[in-house]
Amino acid sequence: MSSPFQSLKQLPWRSLLQVAAVATVALAALDFTLFWVAVVSASFRHSLELLFAPPLGLAIALSVAVGFGAFGVFLGEQWYAPSFFNRSTLWALVFCLLLGVGVKSLFPLPSLLLALSRLSLIGISLGVFWKGRPYWR
């Protein structure tokens, strides 16, 4: 009798976590750079405040999350064979990317672009499955 979690054990977790870690570090670096420029430049800070104000802020937060998910798939495509991805690994990548954003939120780093939320779950899922469309087998 096989366990219902047997298929989860067969996923390439180490590789997916590496992809998510690199994507999260890139996101944190971009976040820190934007934060630093906003501290140094008042006009840039004012522009960011306008961009992230409602209602445009919601669209920007969603598009950043979609881009983050697509970036995760892009990194996986660059490092691993095309046979690396299928529907299960795409879902596992969504989990790993969310885990990366969650771990990033534990550190005292600025989070201008992406924070752990339902919106980020939806956006990351959309980005991963939009970019990973050829792998939906």
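Biologist: Is S15 buried or exposed in this structure?
Modeller: This is a predicted model, and in it S15 is found in helix α2. Its relative accessible area is 17%. Because the limit for a buried residue is under 20%, S15 is buried.

Biologist: Which residues does S15 touch, not counting residues up to four places away in sequence?
Modeller: S15 belongs to helix α2. Once residues up to four places away in sequence are set aside, the residues that S15 touches are Y80 and F84.

Biologist: How many helices and strands are there in the protein?
Modeller: From the N terminus on, the elements run α-α-α-α-α-α. The count is accordingly 6 helices and 0 strands.

Biologist: What share of the contacts between residues at least 6 apart in sequence join residues at least 24 apart?
Modeller: The C-alpha atoms fill a box of roughly 60 × 25 × 25 Å along the principal axes, and buried residues make up 36% of the 137 residues. Among contacts between residues at least 6 apart in sequence, the share joining residues at least 24 apart is 79%.

Biologist: Which helix supplies the largest share of the largest nonpolar core?
Modeller: This core has 29 residues, of which F68, L93, L97, L114, I124 and V128 touch the most other members. Helices α2 (13-40), α4 (56-79), α5 (87-106) and α6 (118-131) each supply at least two residues of the core. The largest share, 8 residues, comes from α5.

Biologist: With which residues is L93 in contact, leaving aside its neighbours within four places in sequence?
Modeller: L93 is among the core residues that touch the most other members. With its neighbours within four places in sequence left aside, its contacts are L16, V19, G72, V73, F85 and V128.

Biologist: Why does the distance between the end C-alpha atoms of α6 agree with its number of residues?
Modeller: Helix α6 has 14 residues, and the expectation rests on 1.5 Å a residue. The expected span is therefore 20 Å, and the end C-alpha atoms are apart by the agreeing value of 20 Å.

Biologist: Which elements are included in what covers the buried residues of α6?
Modeller: The buried residues of α6 are S120, G123, I124, S125, G127, V128 and F129. Two of these, I124 and V128, are also among the core residues that touch the most other members. The cover over the buried residues of α6 includes α4 and α5.

Biologist: Which residue caps the N-terminal end of α6?
Modeller: A side-chain oxygen lies 3.4 Å from the backbone nitrogen of L119. The residue that provides this oxygen, and so caps the N-terminal end of α6, is S117.

Technical notes: Residues numbered from 1 in each chain as written. Predicted model: local features only at pLDDT ≥ 70, side-chain atom pairs only at ≥ 80, totals over all residues. Heavy atoms only, no water. Core = buried A, V, L, I, M, F, W, Y, C linked by side-chain atoms within 4.5 Å. Buried < 20%, exposed > 50% of the residue type's maximum accessible area, 1.4 Å probe, protein only. Helix = DSSP H or I, 4+ residues; strand = E, 2+ residues; numbered from the N terminus. Contact = heavy atoms within 4.5 Å. Expected span 1.5 Å × (residues − 1). Polar contact = N/O pair within 3.5 Å; in protein donor to acceptor, adjacent residues only side chain to side chain.
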